[in-house]
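Good morning, and thank you for making the time. I would like to walk you through some local backbone and packing features of the structure that will now be shown.

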Amino acid sequence: MKKIVFNLSCLFIILLSSCESINTLEDDPNRVASVTPDLLLTDIEIEAVKNIGTGAGLASRQLTNTDGVSNEQYYNWQRSSFDNYHKLKQVQKMEEEADRYEEEVYKSLAKFFYSYYIVETTLVFGDVPYSEALKIGEGIQQPKYDTQKDIFLRVLEDLAQANELLAESDGVIKGDIIYRGDKLKWRKLINSYTLKVLIDLSNKVGDSDLKIKERFQTLVSNPVQYPIFENLEDSAFLEFVDSKGNQYPYFNDNALQTAYYMEESFVDKLVLLKDTRLFRFAAMKNKRADDELTNFKNYGGLKGSNSMNENSQKAVDGEASRVNTRYYTDPVNEPGVLLSYWSLQFNLAEAAERGWISGSSETYYNQGIESSFKFLKADMPLDYLNQDAVKLNATDNLERIMTQKHIASFMNSGWQSFYDNRRTGFPKFNVDGSGILNQGRIPKRWMYPAAETVNNNKNLSDAVNRQFEGGDTINSVMWLLKP
């Protein structure tokens, strides 16, 4: 298997101190100028699953940290980086080499990864460079910022083309460590990801250009032309192995062992639901009723918005659970998740609940829950789905769908739960503790990299002025979130 090197400090969403500008992303003269597209694909896939991180867990009220005031936990972050443009350059290089070697199949995959990385980037900031971002070699040193709407329109077009081209291609995909060259599974990923993008656009359902509801219906109603995930095995997973560089990214991580605890509202939710996934997520607290692993009374958490002193004292008193030891003692643990079957099922449940499709929201919802338990190797109680606090009803179905999606995303799926909360308001994140910053507000975005104010100031200023009345702040509301 290709060597996997996980450096969490490089995750674009967590690396808030980076100030690198797009126009500094020059070619490295020490690297070879030509490489086959299959070798590039392997590295691109590895980069795409680097979404296992504690920052998202802190911001999404799944984890707490007692080793200093965390900006993610207390909602006081500022700038993020344009690190994803490094990854987009690699995709561009794969496309160029596909032309050189006349291997068209890789151009289809390039369309998917272009879409994946630019969506991840625009979800962070709002408008970002895209159409001119990779044209430094053509003399464009200061790329314009595309609007979010234009970016999503292009993404939807590119994903549709990627599915179509793969269906027609007879080329062989080499270097593929996710699906081992299975083109049908790649098409399922592309179309399932398209549905995820449409769900991200739920606040724009009335936009006549995007045609969100119509696109969603078209994909779901025609599985031959648009195959989607059919089971957990179709998910885009990347397995870890017990060899140096290929291990689970938090294996032997000292901070995870000593400074990270479960978040109180998250634990309380799992206890209320008698959810046995808790036993896979958390270790027992020191102050407990007995030594029974399956006794819910043996688990507790720290409130994410409480002050660090309050949380530290509660932790010292033995009233909080650390994360399960497997996250730092098991070199293999769980695979990295690019996109999962359970997330698709929750997206279908949401779409059905919104009236976009005619399927049963309850059926999709239940399948999402069941597949999450299966992925986590947790035994689902026989009556779990029939509990009043779990099953869908006529009053708060969207909240329940988002709650289960949130539970299933623990230590996987990147920042999706935070984005879901930002989009829908669910699940609710506590901000009433004494330690909360940002005036008790949950940020809506990250500020642009500082280097852009120097190297691309005119285009940056134009983008900020057309988007935000209050300027480039973490509380400014991007187009995607406006009704």
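A residue counts as buried when its relative accessible area is under 20%, and as exposed when that area is over 50%. Please keep in mind that this is a predicted model.

I begin with backbone geometry. Most residues other than glycine have a negative phi, and most peptide bonds are trans. Let us look at some exceptions.

M411 has a phi near 60 degrees, a positive value in a residue that is not glycine. Its place is the loop between α16, residues 397-408, and α17. Is M411 buried or exposed? With a relative accessible area of 7%, M411 falls under the 20% cut-off and is therefore buried.

E102 also has a positive phi, near 55 degrees, and is likewise a residue other than glycine. We find E102 in the loop that runs between α4 (84-100) and α5 (105-125). Its relative accessible area is 69%; because this is over 50%, E102 is classed as exposed.

A further positive phi, of about 50 degrees, is taken by K274, just after helix α10.

Turning to the peptide bonds, where is there a cis bond? The bond from F426 to P427 is cis, and its omega is near -10 degrees. P427 belongs to the loop between α17, residues 416-424, and α18, residues 450-455.

I now come to packing, starting with helix α10, which comprises residues 264-272. Which residues of α10 are buried? They are F266, V267, K269 and L270. These residues cover an arc of only 160 degrees around the axis, so they sit on the same side of α10. Among the elements that cover the buried residues of α10 are strand β5 (260-262), helix α11 (278-281) and α16.

My final example is L123, which lies in helix α5. L123 has a relative accessible area of 1% and is thus buried, given the cut-off of 20%. What does L123 touch, if we set aside residues up to four places away in sequence? Its contacts are K196, D200, Y419, R422, M478 and L480. Consider one of these, D200: L123 and D200 are 77 residues apart in sequence, yet their C-alpha atoms are 9.2 Å apart in space.

To close, I would ask you to set two of these loop residues side by side: M411, with a positive phi, is buried, whereas E102, with a positive phi, is exposed. Thank you for your attention.

Technical notes: Residues are numbered from 1 along each chain as its sequence is written. This is a predicted model: local features need pLDDT of at least 70, side-chain atom pairs count only at pLDDT 80 or more; totals for chains, interfaces and linings use all residues. Side-chain values use heavy atoms; hydrogens and water are left out. Helices (H or I, at least four residues) and strands (E, at least two) are DSSP runs, numbered from the N terminus. Buried means under 20% relative accessible area, exposed over 50%, partly exposed in between (1.4 Å probe, protein chains only). Contact means heavy atoms within 4.5 Å. The arc is that of the directions from the helix axis to the C-beta atoms.
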